Amino acid sequence: MTLESLPVAVIGGGPVGLAAAAHLVARGLPVKVFEAGTTVGANLREWGHVRVFTPWELNVDAVARALLERQGWTMPPLTELPTGSDLYARYLKPLSETPELAAAIEVGTRVEAISRLNTDKVKTEGREAKPFQLRLSLPSGAQRVELARAAIDASGTWAAQNPMGANGLPALGEADNKTRIAYGMPNILGHDRATYAGHRTLVVGSGYSAANVLLDLAKLAEDQPDTSIIWAVRGTDLVRVYGGGLADQLPARGELGWLLKGLVERGVVTLVTGFATTRILKTGDGLVVEADGVDGPRSIGAVDRIVVATGQRPDLIMTRELRLELDPWLESVRALGPLIDPNLHSCGDVPPHGHRELSHPEPGFYTVGVKSYGRAPTFLLLTGYEQVRSVVAAIAGDLESADRIQLALPETGICKVEFLDGEMTAAGCCGGPAITRQDACCVADAVAKDAGQDGCGCGLAA
């Protein structure tokens, strides 16, 4: 057995993971895809009722499309907006059933841990010559080990929802009241309808997931007028919450914020700003949610149900025995951190990046997809598809192609950054000085400045 004879392991059978597999197959490299869910796209199917704001032309990888079209597949209308269920049924499922990929995919197979063969995290000598060793949990409950020449982690973050506590920890009482709390985007107009109809619901969060939940609750309230909706956000600046409107280069994304703003102005949704949740109390009338702030304690309630839509975070336990280099607070790949930090950036754009930025001190290991962004929001599938194109080219030894990165993402229309004096000013490349991070307008510039160098010469004009 040689290292080159082993397959490349792809962890996660979602859109980005399957795109990675398609690129590997196109380059004649053996691949094994391990998906923890019972089908490919399992995480995506959990929000299958939600219509995405990117059209089909931005949701299908080019190499995957070519693979499908050889089997007679027809691309859906380019400008149509699919739901999560559409993406699964009309794209991911047929892609997984192509002859080239079908035998390479294992569903119901969770990667519990990954390391190097007979080598722990501490040992350096000969490390790069050892294959990766993946410990798998099977549907039967048994475990087995697989070896791989390289590993691409496309496992995403959906399974690791952020808790309700504003400090990043579960709020006091959150676990005790878990039967009345949902995370992410429950199917309020579908199989979860009875849970929310005619009840008082608190939605916590300020992103696109929260917006979709609130819009669904408002539709439910049209049929069930005794349904009441409260929306709590930590911040007080609603510019980012409501989005860029007509300035958003994805019209459906911009529309979310405007619709939400209208619901608040009409009193359909009661908005509470500056609310940093600390505890949940169960009372005879329902759940009371409390917050501690500079102005003293505050509370919301009583409510019957809570939906926590506060984003996700990467699960890092699986890779504990690997040498990873992560951004210290986003837990993204380190090179991307300064360019996607939501404390500074709201554009939804990120400079072109590929295998060099997505690699780690662990040779042959790459983090791609939404997991490469760590805790940062606003990831688009286009980013993931270009990531895996570059990564697979690098694994194949085609560095010329791997380094030829092309990525242009539609901006949100709220490209602002907070400067040191606190003034909000437009920034052409979503960069700008910050207290703890250097301004940068490309990945190489950020890496150089983080290392104390002058940068790559493409910094912001004075």
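1. The largest nonpolar core (a set of buried Ala, Val, Leu, Ile, Met, Phe, Trp, Tyr and Cys residues joined through side-chain atoms within 4.5 Å) holds 88 residues, and the members that touch the most others are Leu 24, Tyr 91, Leu 95, Ile 152, Trp 231, Val 368 and Ile 395. Helix α7, residues 208-223, gives the most to this core, with eight residues; helices here are DSSP runs of H or I with at least four residues, and strands are runs of E with at least two, both numbered from the N terminus. The words buried, partly exposed and exposed stand for a relative accessible area under 20%, in between, and over 50%, taken with a 1.4 Å probe on protein chains only.

2. The model is a predicted one, in which local features need pLDDT of at least 70 and side-chain atom pairs count only at pLDDT 80 or more, while totals for chains, interfaces and linings use all residues. Residues are numbered from 1 along each chain as its sequence is written, and side-chain values use heavy atoms, with hydrogens and water left out.

3. Once its neighbours within four places in sequence are set aside, Leu 24 is in contact (heavy atoms within 4.5 Å) with Val 8, Val 10, Leu 29, Val 31, Ile 152 and Val 392. Another core, of 17 residues, lies apart from the largest one and includes Met 164, Ile 230, Ala 232 and Val 289.

4. An open sheet is formed by three strands in the order β12-β13-β14, with antiparallel pairing, where two strands pair if DSSP finds at least two bridges between them. Because β12 (277-283) and β14 (296-303) stand at the edges with a single partner strand each, one side of each is left without a neighbour in the sheet. From one strand to the next the twist averages 20°, with axes being lines fitted to C-alpha atoms, for helices over the stretch in contact, and angles running from 0 to 180 degrees between N-to-C directions.

5. Strand β13, residues 286-293, runs antiparallel to β14 and is joined to it by six bridges; Glu 290 stands opposite Ser 299 in β14. Ala 302 is also found in strand β14, and a cis peptide bond with omega of about 10° joins Gly 301 and Ala 302.

6. Most residues other than glycine have a negative phi, and most peptide bonds are trans. Asn 118, in the loop between β4 (110-116) and β5 (132-137), has a positive phi near 55° and is exposed, with a relative accessible area of 69%. Glu 331 also has a positive phi, near 60°, and its place is in the loop between β15 (305-308) and α10 (337-340).
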